[in-house]
Amino acid sequence: MTSTTRRKATPAKPVDLDDWFASMRPARRSVTLYRDAHLLGDIDGLRARLTVAQAIPAADLADGDETPEQVQELLVDVAQRFAASAMTFSVESRSDKARERVMNECAAAGVTDKHDITLHMLADAIVKPEGVTVELLQQLEDKAEAQIKMLAQASARASFEPPRM
């Protein structure tokens with residue numbers, strides 16, 4: 001039988017609830033968007049070409065055939081361009097009261113379309129980078145609908161999911 005030693009419990013320090021609540025901040029979620037997401041098609045094609053190039057023994061390469069090293073170099077270049085086009089957006093949770101405020105502002109401005117109101121709410125929730133407008137979100141939606149949906153999902157997670165890592 002093994003014995004266990006009990007540690008003496010350290011008394012917990014009293015929590016200053018006023019300070020704890022006063023210092024609380026709304027939840028945030030972040031998502032990385034890519035200006036050059038179209039390069040993913042090039043990356044897919046280069047990966048396929050690399051697989052083919054790697055399957056051909058060097059002795060069997062004809063003049064003009066791509067070597068794996070050449071294709072890999074192209075792939076790295078395109079992947080670096082894709083990565084350089086990344087921007088991280090952070091959205092902050094919004095309370096029911098804040099969402100109601102945006103809805104009232106929309107109503108006062110004559111915005112009644114549910115989708116447009118949703119874009120206004122999303123623009124309000126984006127805290128990084130600063131200055132994201134409804135017009136910019138509309139451009140994003142026209143060019144990369146999947147990415148605006150990523151922003152919307154991050155906003156929903158910040159507002160409605162319990163905070164956890």
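These legends describe close-up views of a predicted model.

**View 1. The whole chain holds seven helices and three strands.** Read along the sequence, the elements follow the pattern α-β-α-α-β-α-α-β-α-α. The C-alpha trace spans about 75 × 75 × 25 Å along its principal axes. The radius of gyration of the chain is 26 Å, whereas a compact globule of 165 residues would have one near 15 Å. Buried residues make up 27% of the 165 residues. Of the contacts with a separation of 6 or more, 72% are between residues 24 or more positions apart.

**View 2. Three strands form an open sheet in the order β1-β2-β3.** The pairing is antiparallel. Strands β1 (28-34) and β3 (126-128) stand at the edges. Each has a single partner strand, so one side of each is left without a neighbour in the sheet. Neighbouring strands are turned by 40° against each other on average, direction ignored. Strands of a sheet pair through backbone hydrogen bonds.

**View 3. Strand β1 pairs with β2 through seven bridges.** The two strands run antiparallel. Ser30 stands opposite Ser90 in β2. Side chains alternate along β1. Arg29, Val31 and Leu33 point to one face and are buried. Arg28, Ser30, Thr32 and Tyr34 point to the other face and are not buried.

**View 4. Strand β2 (residues 86-92) meets β3 through two bridges.** These strands also run antiparallel. Val91 stands opposite Ile126 in β3. Helix α5 (residues 114-125) lies across β2 and β3. The helix runs at about 30° to β3.

**View 5. Helix α2 (residues 39-55) has the length expected for its 17 residues.** At 1.5 Å a residue, helix α2 should span 24 Å. Its end C-alpha atoms are 24 Å apart, which agrees.

**View 6. Helix α2 has a buried side and an exposed face.** Which residues of α2 are buried? They are Leu39, Ile43, Leu46, Leu50 and Ala53. These residues cover an arc of only 85° around the axis, which puts them on the same side of α2. An α-helix has 3.6 residues a turn, so residues three or four places apart point the same way. The buried residues of α2 pack against α3 (68-84). Thr51, Val52 and Ala55 are exposed, on the face of α2 turned away from its buried side.

Technical notes. Residues numbered from 1 in each chain as written. Predicted model: local features only at pLDDT ≥ 70, side-chain atom pairs only at ≥ 80, totals over all residues. Heavy atoms only, no water. Pairing = 2+ DSSP bridges. Helix = DSSP H or I, 4+ residues; strand = E, 2+ residues; numbered from the N terminus. Axes fitted to C-alpha atoms, helices over the stretch in contact; angles between N-to-C directions. Contact = heavy atoms within 4.5 Å. Buried < 20%, exposed > 50% of the residue type's maximum accessible area, 1.4 Å probe, protein only. Expected span 1.5 Å × (residues − 1). Arc of directions from axis to C-beta. Rg over C-alpha atoms; globule rule 2.2 N^0.38 Å.
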